[in-house]
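Trainee: Could you take me through one part of this protein in close detail? I would like to follow a single helix and see what surrounds it.

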Amino acid sequence: MTVLERVYTVDDVWQLERQPSNPTVKHYLIDGELMTRMAPNQLHGDVATRVTALMFGFVDDRNLGRVTSEVGYHPPGDSSTVLLPDVAFEAMPRAANRPLTTYVPYMPDLAVEVISPSQSRPEARRKAEVHLRHGVRLVWLLDPMRAFAEVWRRGDDGGKQIERVRGDGCLSGEDVIPGFQLPLKLIFSI
C-alpha cells in the first residue's frame with residue numbers, strides 16, 4: 001500500500017503550474033497523488049501535433065466543438081484529479097461555454113495520450129482508466145515507438161473495452177466525433 005505524504009488538489013496544481021521555477025515540468029493529479037511529466041521529446045510532440053492538426057481541421061470545419069492540446073481537465077466535484085491529455089476533444093455546446101483561463105471543470109469527450117519513451121505502458125493505461133472512470137467517452141493511447149494504438153471505451157456492461165489497432169489501421173471518432181477517421185500511418189510515418 002502506498003502512503004501519500006499529502007493529498008493534493010486542483011488548486012495546488014494550479015499554483016504549481018503558475019510558478020516560473022521549472023517551465024519544462026507539467027503536473028497532474030490522480031486521486032490526490034501529484035504526478036509530474038517532463039516536456040515531451042520530439043517524436044511525442046510530432047505525433048501530438050499531427051493528431052491535433054488533423055482533428056482540428058475536421059472539427060473546426062463542422063463546428064463540432066473544441067480541440068485542445070495539453071489542457072488541464074478535472075471532473076466536476078472532484079478536486080483530487082487533474083489530467084492533461086496530449087490532445088482532447090470537447091463537443092458542443094458545452095465547449096462554447098467554458099472559461100478559458102482556468103482548468104476545464106469537466107472531462108473531455110475524447111482524450112488522446114501519446115506514450116513517451118519515459119513513460120511505461122502501465123502508467124499510460126492508468127491514465128486511460130482514470131479518464132474513463134471520470135466520464136471520458138473515448139480514449140486513444142498512441143504508441144509511436146511500437147506503431148500501434150489502443151482504443152479504450154466503456155462497454156454496454158459498464159466495464160472497459162480495449163481494442164488494439166496496428167500502425168496500418170485507422171482510428172474512428174465513433175459517436176464522439178462522427179465521421180472522423182485517423183489513419184495511423186499519417187501520424188506514425190514521421
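Mentor: Reading from the N terminus, the elements of the chain come in the order α-β-β-α-β-β-β-α-β-β-β-β-β-α, which makes 4 helices and 10 strands. Please keep in mind that this is a predicted model. Of the 190 residues, 46% count as buried. Among contacts between residues at least 6 apart in sequence, 54% join residues at least 24 apart. The chain exposes about 9800 Å², and carbon and sulfur atoms supply 51% of that area.

Let us settle on helix H2, which covers residues 42-62. With 21 residues at 1.5 Å a residue, H2 should span 30 Å, and its end C-alpha atoms are indeed 30 Å apart, so the expected and computed spans agree. Just after H2, Asn63 takes a positive phi of about 50 degrees.

Now for the side of the helix that is covered. The buried residues in H2 are His44, Val47, Ala48, Val51, Thr52, Met55, Phe58 and Val59. Here is a rule to hold beside that list: an α-helix has 3.6 residues a turn, so residues three or four places apart point the same way. Try reading the buried positions with that spacing in mind. Gly57 also belongs to H2, but its relative accessibility is 25%, so Gly57 counts as partly exposed, buried being under 20%. From Gly57 to Val67 is 10 residues in sequence and 9.4 Å in space, C-alpha to C-alpha.

What do the buried residues of H2 pack against? Their partners are strands E3 (65-68), E4 (87-91), E5 (110-114), E6 (138-143) and E10 (181-183), together with helix H4 (184-188).

That packing brings us to the nonpolar interior. In soluble globular proteins, nonpolar side chains tend to be buried together. In this model the largest nonpolar core has 27 residues, and those touching the most other members are Val51, Met55, Phe89, Trp140, Leu142 and Leu171. H2, E4, E5, E6, strand E7 (148-154) and H4 each supply at least two residues of this core, and H2 gives the most, with 6 residues. There is also a second, separate core of 17 residues, including Ile30, Leu83, Val104 and Ala124.

Leu171 is a good place to look at the main core from another direction. Leaving aside residues up to four places away in sequence, Leu171 touches Trp140, Leu142, Ala149, Val151, Val165, Phe180, Gln181, Leu182 and Leu184.

Two of those neighbours lead back to our helix. Phe58 forms one aromatic cluster with Trp140 and Phe180. A search of the whole structure finds 2 aromatic pairs. In the pair of Trp140 and Phe180, the ring centres are 6.3 Å apart and the planes meet at 15 degrees, so the pair is stacked, the cut-off for stacking being under 30 degrees. This pair links distant parts of the chain: Trp140 is in strand E6, while Phe180 is in the loop between strand E9 (170-172) and E10, 40 residues apart. Trp140 has 0% relative accessibility and therefore counts as buried; Phe180, at 3%, counts as buried too.

Phe58 has a further partner from the end of H2. Arg62 lies over the face of Phe58, at 3.7 Å from the ring centre. You can find another arrangement of this kind elsewhere in the model, with the charged end of Arg164 over the ring of Phe148, 3.5 Å from its centre.

For a comparison with H2, turn to helix H3, residues 121-133. Its 13 residues should span 18 Å at 1.5 Å a residue, and the end C-alpha atoms are 18 Å apart, so the two values agree here as well. In H3, the buried residues are Ala124, Lys127, Ala128, Val130, His131 and Leu132. H3 is followed by Gly135, whose phi is positive, near 105 degrees.

Finally, a few backbone details in the loops. Glu70, in the loop between E3 and E4, has a positive phi near 55 degrees, and with a relative accessible area of 25% Glu70 is partly exposed. In the loop between E4 and E5 you will find Pro93, and the peptide bond from Met92 to Pro93 is cis, with omega near 5 degrees.

Key. Residues are numbered from 1 along each chain as its sequence is written. This is a predicted model: local features need pLDDT of at least 70, side-chain atom pairs count only at pLDDT 80 or more; totals for chains, interfaces and linings use all residues. Side-chain values use heavy atoms; hydrogens and water are left out. The expected span of a helix is 1.5 Å times one less than its number of residues. Buried means under 20% relative accessible area, exposed over 50%, partly exposed in between (1.4 Å probe, protein chains only). Contact means heavy atoms within 4.5 Å. Rings of Phe, Tyr and Trp (its six-membered ring) pair if their centres lie within 6.5 Å; planes under 30 degrees apart count as stacked, over 60 as edge-to-face and the rest as tilted. A charge sits over a ring if NZ of Lys or CZ of Arg is within 6 Å of the ring centre and within 35 degrees of the ring normal. Accessible areas come from the Shrake-Rupley method with a 1.4 Å probe; for residues, only the protein chains shown count as cover. A nonpolar core is a set of buried Ala, Val, Leu, Ile, Met, Phe, Trp, Tyr and Cys residues joined through side-chain atoms within 4.5 Å.
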